[in-house]
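Here is a short report to read beside the model. Have the sequence at hand as you go.

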Amino acid sequence: MIEVGAIRIPESELVERFVRSAGPGGQNVNKVATAVELRFDIASSPSLPEPVRERLLARRDRRVTGDGVLVLAAQRFRTQDRNRQDARERLAHFIEAGLHAPKKRVATKPTRGSRERRLAGKRERSTIKQGRAGRDWD
């Protein structure tokens, strides 16, 4: 069971696959499947409230497939158990990011001072560039 705030995700909704890990580890890396590929179906999970599901699916994240399945690959550690823990922690952080609704941006007008500073900077760049052009130095 993974708990994130008030959300509880049962083990039955997680699909784990163990594969061989890349990287250091000597002969052990070729024999033991220590890397973990964790899959969690965001789109059809009954554990997620609808607003959280929408926020998670709206994120532009390459780990979320077109079908709404989150795929996390964990292979940082040399043991399968530690990689499983790592994948579950990363899943919890991902879901936690969807718990909080972003604040609405309040549209404001630029201040008079900021407009003047911007235009002054543009005038300075213009004079610098005008000084470079058209001169015959011979």
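Contact here means heavy atoms within 4.5 Å. Keep in mind that this is a predicted model.

Let's begin with confidence. The protein chain has a mean pLDDT of 84, with 92% of its residues at 70 or more. Confidence is highest in helix H4 (residues 112-132), at a mean of 95, and lowest in helix H1 (residues 28-31), at 69. Where pLDDT is low, the predicted coordinates should not be read in detail.

Next comes the interior. The largest nonpolar core holds 21 residues, and Phe40, Ile42, Leu48, Leu91 and Ile95 have the most contacts inside it. At least two residues of this core come from each of strands E1 (2-4), E2 (7-9), E4 (35-41) and E5 (69-74), and from each of helices H2 (50-58) and H3. Helix H3 gives the largest share, five residues.

Two residues are worth a closer look. Arginine 88 sits in helix H3 (residues 80-99). Arginine 88 counts as buried because its relative accessible area is 16%, under the 20% cut-off. The table lists what arginine 88 and leucine 91 touch, leaving out residues up to four places away in sequence.

| Residue | Residues in contact (within 4.5 Å) |
|---|---|
| Arginine 88 | Ile2, Glu11, Leu14, Glu16, Leu38 |
| Leucine 91 | Ile2, Leu14, Leu38, Phe40, Leu70, Leu72 |

Ile2, Leu14 and Leu38 appear in both rows.

What about the rings? The structure has zero aromatic pairs. Arginine 82, however, lies over the face of phenylalanine 77, at 4.4 Å from the ring centre.

How values were computed:
Residues numbered from 1 in each chain as written. Predicted model: local features only at pLDDT ≥ 70, side-chain atom pairs only at ≥ 80, totals over all residues. Heavy atoms only, no water. Helix = DSSP H or I, 4+ residues; strand = E, 2+ residues; numbered from the N terminus. Buried < 20%, exposed > 50% of the residue type's maximum accessible area, 1.4 Å probe, protein only. pLDDT = per-residue confidence, 0-100. Core = buried A, V, L, I, M, F, W, Y, C linked by side-chain atoms within 4.5 Å. Phe/Tyr/Trp six-rings, centres within 6.5 Å; stacked < 30°, edge-to-face > 60°. Lys NZ or Arg CZ within 6 Å of the ring centre and 35° of its normal.
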